[in-house]
Amino acid sequence: MATPRGMNTVTPHLVCAGAANAVEFYKKAFNATEMGRLAGPDGKLMHAAVRIGDSVVMLMDEFPECGAVAPTTLKGTPVSVHLYVDHVDMAIERAVAAGAKVIMPADDMFWGDRYGVLEDPFGHHWSIATHIRDLSHEEIVEASKSAMCGADAQQKT
């Protein structure tokens with residue numbers, strides 16, 4: 001079996017400045033369960049894993065000598081980890097109480113999700129959503145025309 005039992009085909013692997021603190025944050029913010037950790041001789045985490053819902057997120061400390069640097073070192077990230085939850089507003093409140101910063105407040109989106117974006121204390125972005133209605137592809141395309149980004153894109157073409 002190419003994929004180990006309990007894992008998915010794609011698994012986020014986050015580099016954090018302070019991975020042990022990140023594990024504790026994810027427990028508080030996203031109700032994560034720690035699966036294990038491996039510290040190196042200097043105490044830095046070479047590997048850790050948490051389970052959030054039905055998915056695993058791997059973490060490690062920064063090791064710049066190996067090319068592993070955190071978003072805080074890079075001064076930003078182009079990547080967002082997407083998380084579906086039962087109650088997006090409650091999930092965002094819980095994450096903020098644990099130390100996350102709201103980048104985009106939750107709102108009902110044209111594609112059928114209630115959706116918001118957070119930045120965790122380690123610089124990683126999390127888009128968090130609750131699916132609220134099913135739409136056809138055609139309905140989503142039509143609705144996107146009046147969405148802010150969709151309207152901007154329409155004006156540029």
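This passage describes the fold, the nonpolar cores, the charged side chains and selected backbone angles of a predicted protein model.

The secondary structure of the predicted model comprises 5 helices and 8 strands. Read from the N terminus, these elements follow the order β-α-β-β-β-α-β-α-β-β-β-α-α. The C-alpha trace extends over about 55 × 35 × 35 Å along its principal axes. The chain contains 157 residues, of which 34% count as buried. When contacts between residues at least 6 apart in sequence are considered, 51% of them join residues at least 24 apart. The exposed surface of the protein amounts to about 9500 Å², and carbon and sulfur atoms supply 57% of that area.

The interior was examined next. The largest nonpolar core consists of 28 residues. Within this core, the residues with the most contacts are Cys16, Tyr26, Phe30, Ile52, Leu59, Trp126 and Ile128. Several elements contribute at least two residues each, namely strand E1 (13-16), helix H1 (19-30), strand E3 (45-52), strand E4, strand E5 (80-84), helix H3 (88-98) and strand E8 (125-131). Helix H1 gives the most, with 7 residues. A second, separate core has 5 residues, including Val15, Met60, Phe63 and Ala68. The surroundings of Ile52 illustrate how residues from separate parts of the chain meet. Leaving aside residues up to four places away in sequence, Ile52 touches Phe30, Ala32, Val57, Leu83 and Trp126.

A charged residue in a buried position, Glu62, was also considered. Glu62 is located in the loop between strand E4 (55-61) and helix H2 (71-74). Although Glu62 is buried, it has no salt bridge. The nearest side chain of opposite charge belongs to Lys44 and is 6.8 Å away. Because a salt bridge requires a side-chain nitrogen of Lys or Arg within 4 Å of a carboxyl oxygen of Asp or Glu, the separation of 6.8 Å from Lys44 does not qualify under this cut-off. Beyond residues up to four places away in sequence, Glu62 touches Val15, Cys16, Ala17, Lys44, Ala68, Val69, Ala70 and Thr73. Of these contacts, Cys16 is among the residues with the most contacts inside the largest nonpolar core, whereas Val15 and Ala68 are included in the second core.

Over the whole protein, 13 side chains are positive and 20 are negative. The centres of the two sets lie 5 Å apart. Side chains of opposite charge can pair when their charged atoms come close. A search of the entire structure finds 7 salt bridges. One of them joins Arg37 to Glu34, with the closest N and O atoms 2.7 Å apart. Arg37 is partly exposed, at a relative accessible area of 38%, and Glu34 is likewise partly exposed, at 27%. A further salt bridge is formed by Asp108 and Arg114, whose closest N and O atoms are 2.9 Å apart. Here too the partners are partly exposed, Asp108 with a relative accessible area of 45% and Arg114 with one of 22%. In addition, Glu24, Lys27, Glu34 and Arg37 are joined into one network by salt bridges that share partners. The side chains of Lys145 and Glu142 also meet in a salt bridge, with an N to O distance of 3.4 Å. Lys145 is partly exposed, at a relative accessible area of 42%.

Finally, the backbone angles of two loop residues were inspected. Most residues other than glycine have a negative phi. Asn31 nevertheless has a positive phi, near 55 degrees. Asn31 lies in the loop between H1 and strand E2 (33-39), and its relative accessibility of 52% places it among exposed residues. Lys75 is not a glycine, yet its phi is positive as well, at about 65 degrees. The position of Lys75 is in the loop between H2 and E5. With a relative accessibility of 74%, Lys75 counts as exposed. The C-alpha atom of Lys75 is separated by 21 Å from that of Leu45, a residue 30 places away along the chain.

Note on methods:
Residues are numbered from 1 along each chain as its sequence is written. This is a predicted model: local features need pLDDT of at least 70, side-chain atom pairs count only at pLDDT 80 or more; totals for chains, interfaces and linings use all residues. Side-chain values use heavy atoms; hydrogens and water are left out. Helices (H or I, at least four residues) and strands (E, at least two) are DSSP runs, numbered from the N terminus. Buried means under 20% relative accessible area, exposed over 50%, partly exposed in between (1.4 Å probe, protein chains only). Contact means heavy atoms within 4.5 Å. Accessible areas come from the Shrake-Rupley method with a 1.4 Å probe; for residues, only the protein chains shown count as cover. Lys and Arg count as positive and Asp and Glu as negative; His and the chain ends are not counted. The place of a charge is taken as NZ of Lys, CZ of Arg, CG of Asp or CD of Glu. A nonpolar core is a set of buried Ala, Val, Leu, Ile, Met, Phe, Trp, Tyr and Cys residues joined through side-chain atoms within 4.5 Å.
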